[in-house]
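User: Hi! I'm new to this one and would love a quick walk through it. Could you show me what we're looking at?

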Amino acid sequence: MTAHVDTFCACHLPAREHQPEFRFDLPELQFPRQLNCAHELLDRWVEQGDGNRPCLIGSELRWTYADLQAQVNCIANVLVKDMGFMPGNRVLLRGANSPMLAACWFAVVKAGGVAVGGMPLLRAKELTQIVVKAEISHALCDERLAEELLLAAPQCATLKHVMHFHSDSPDGLEAHALTKSPQFKSIDTAADDACMMAFTSGTTGAPKGAVHFHRDVMAVCRCWPKHHLQARSDDIFIGSSPLAFTFGLGGLLLFPLSIGASSVLLEKANPDVLPAAIAKYRATACFTSPTAYRAMAATMKGHDISSLRKCVSAGEALPAATRKLWKDATGIELIDGIGSTELLHIFISHTDADAKPGATGKPVPGYTAAILDDDMNRLPPGKIGHLAIKGPTGCRYLDDHRQRQYVKNGWNLTGDDYLVDDDGWYFYQGRTDDMIVTGGYNIAGPEVESVLLQHPAVAECGVVGVPDVERGQVVKAYVVLKPGYEAGDAMCKTLQDYVKQAIAPYKYPRKIEFTDALPRTETGKLQRFRLRAQASTQAGGGKE
Ligand code: 3UK
């Protein structure tokens, strides 16, 4: 049944007893045994006569579904005919977001390979870890990012075939593709053949590779987008998240194609340029991080964003203050959703018509959630515990003992603490590892952050626990002020008093340090471990 000649992925999956329980409770989650998601998401439209619909938009080009298909087929032929590619091989894809990078993803998947995203900012050391772990044999890499991969190459014995795209060279992918047929029949993969691997972001240790099947890709297209995003085939998607991050892969590529819509893939889409791009391309659905929405709220008024109707926030908790700022600036209710690399996409969310400030939402149809204590017992509503998820997708780390931390008793444990209220709404409390324990109290950093963010002087902030002889830990806030506000003792006291009057006074930050920027991952996550490390190396840093 498998189409993989190279069975590396199947051989390195966790043993069945360490895998989560997979559930396919909805009619739309019944999959045939053979399934190629590239065929489902791309070829199907052309076959049914929709080849002329707009599909991908880049800064200098517009591709219809038929254009993308032809490009994908040429690249698939290059892989097979010029690069010794076999079904099951892992192919590293590296570049800033662009239609060409998307075409490479589909070419690999259509040819029965396993696409592995490598974020543009990764350096040789991280690239080496990924190539070695996944025994990657091929790479398609933007020519402008060639250098780091070249530096990594001597340590990457398995990596035999590298080709560059966005290249004028006769050795480049475009030149090779031009000589190839635009016909390529998709490989008849099994629904449970691997088609992609995503390495987790934002963690400290060695990267973990989460393996996903053709079936998983189709499952995420049929759950959250249908029930929570509710997009239409005339929607134009846009956003900042890299395609190597599964939030971006889903939001900017898989989901629009699953409904015959189009997507704008821009190399640069940071908060400085995204508002103008939304206006220019008349985008209707935006995917980015809470921090980016907060930064953009101030500048939206200067742009014609009348086309915009759906805005999705994920990657980090969405503070109620940011939800309000965005609504005041644009009239649009943000759709928050928590997802993970391990579960591929969003599993708790809400619609724009039904939002509860401060809550992430309710389980996405197809998924079940529970709040568990340390012994895996279910906790009643109102109690804080570990978020556990089951659904059609779940964690399968490639050959990694950390599988047993993410999956226990069939549940996926995301590493987040949550509580559920009596109406079934899920409220994020913080990463389990980030909980601040001070003088016997448990404090969630994000709760203090969301209060600080409501203060007009605060642009960004991060709250962590720092070691303290007397209390075990104390709450410390790192604060970036908005222009025109002055750091100092007076501001420190103002912010402390502000927190004390908003939430239980014991949660106020005893220490506040003003800073110019906060450490973030490429996917926009605040790196609280860096703030903690910074705090412990600065003896007595910050104001008391
Ligand atoms: C945190 C959130 C509160 C949470 C992701 C949407 O972020 C994604 O995947 P990662 O593997 O990180 C997963 C962790 O990030 N998180 C994400 N979204 C939220 N916390 N509210 C949120 N809305 O700690 C989670 O365990 O990088 C997000 C879709 C696909 C993704 N991969």
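## Aromatic pairs, helices and loops

Analyst: W105 is buried, with a relative accessible area of 6%. Keep in mind that this is a predicted model.

User: Thanks! And F106, is that buried or exposed?

Analyst: F106 is buried, at 0% relative accessibility.

User: How many aromatic pairs does the structure hold?

Analyst: There are 12 aromatic pairs in the structure. One of them is formed by W105 and F106, with 5.2 Å from centre to centre and 85° between the planes, which makes the pair edge-to-face.

User: Why is the pair of W224 and F287 edge-to-face?

Analyst: The planes of the W224 and F287 rings are at 75°, and over 60 degrees counts as edge-to-face. The centres of these two rings are 6.0 Å apart.

User: Where do W224 and F287 lie?

Analyst: W224 lies in helix α9 (residues 224-229) and F287 in strand β11 (residues 285-288), so their pair ties together parts that are 63 residues apart in sequence. Both W224 and F287 are buried.

User: Which residues form one aromatic cluster with those two?

Analyst: W224 and F287 form one aromatic cluster together with F237, F245, F247 and F255.

User: Let's switch to helices. How do α3 and α4 cross?

Analyst: The axes of helix α3 (residues 65-82) and helix α4 (residues 99-110) come within 8 Å and cross at roughly 60°. Because of that angle, α3 is oblique to α4. The crossing is right-handed.

User: Which residues meet there?

Analyst: From α3, the residues L68, Q69, Q71, V72, N73, I75, A76 and L79 take part. They meet M100, A103, C104, F106, A107, V108 and K110 in α4. Sorted by type, the residues of this contact are 11 nonpolar, 3 polar and 1 charged. You'll recognise F106 in that list, the ring that pairs with W105.

User: Nice link! What about α13, which of its residues are buried?

Analyst: In helix α13 (residues 320-330), the buried residues are A321, T322, R323, W326, A329 and T330.

User: And what covers them?

Analyst: The cover includes two helices, α12 (290-297) and α15 (445-452), along with two strands, β12 (310-313) and β13 (335-339).

User: What follows α13?

Analyst: G331 follows α13, and its phi is positive, near 80°.

User: Which residues have a positive phi without being a glycine?

Analyst: Two to look at are H166, with a phi of about 55°, and D399, with a phi of about 40°. For context, most residues other than glycine have a negative phi.

User: Where is H166 found?

Analyst: H166 sits in the loop between β6 (161-165) and α7 (173-178). Its relative accessible area is 29%, so H166 is partly exposed.

User: And D399?

Analyst: D399 is in the loop between β17 (385-390) and α14 (403-406). At 48% relative accessibility, D399 is partly exposed too.

User: One more loop, please: where is S289?

Analyst: S289 is in the loop between β11 and α12. We met β11 earlier as the strand that holds F287, and α12 as part of the cover of α13.

User: Why does S289 count as buried?

Analyst: S289 has a relative accessible area of 14%, and buried means under 20%.

User: What is S289 in contact with?

Analyst: Leaving aside neighbours within four places in sequence, S289 is in contact with S313 and A314.

How values were computed. Residues are numbered from 1 along each chain as its sequence is written. This is a predicted model: local features need pLDDT of at least 70, side-chain atom pairs count only at pLDDT 80 or more; totals for chains, interfaces and linings use all residues. Side-chain values use heavy atoms; hydrogens and water are left out. Buried means under 20% relative accessible area, exposed over 50%, partly exposed in between (1.4 Å probe, protein chains only). Helices (H or I, at least four residues) and strands (E, at least two) are DSSP runs, numbered from the N terminus. Contact means heavy atoms within 4.5 Å. Axes are lines fitted to C-alpha atoms, for helices over the stretch in contact, and angles run from 0 to 180 degrees between N-to-C directions. Angles under 35 degrees count as roughly parallel, over 145 as roughly antiparallel, 65 to 115 as roughly perpendicular and the rest as oblique. A crossing is left-handed if the near helix is turned anticlockwise from the far one by less than a right angle, and right-handed if clockwise. Ala, Val, Leu, Ile, Met, Phe, Trp, Tyr, Cys and Pro count as nonpolar, Asp, Glu, Lys and Arg as charged, and the others, Gly among them, as polar. Rings of Phe, Tyr and Trp (its six-membered ring) pair if their centres lie within 6.5 Å; planes under 30 degrees apart count as stacked, over 60 as edge-to-face and the rest as tilted.
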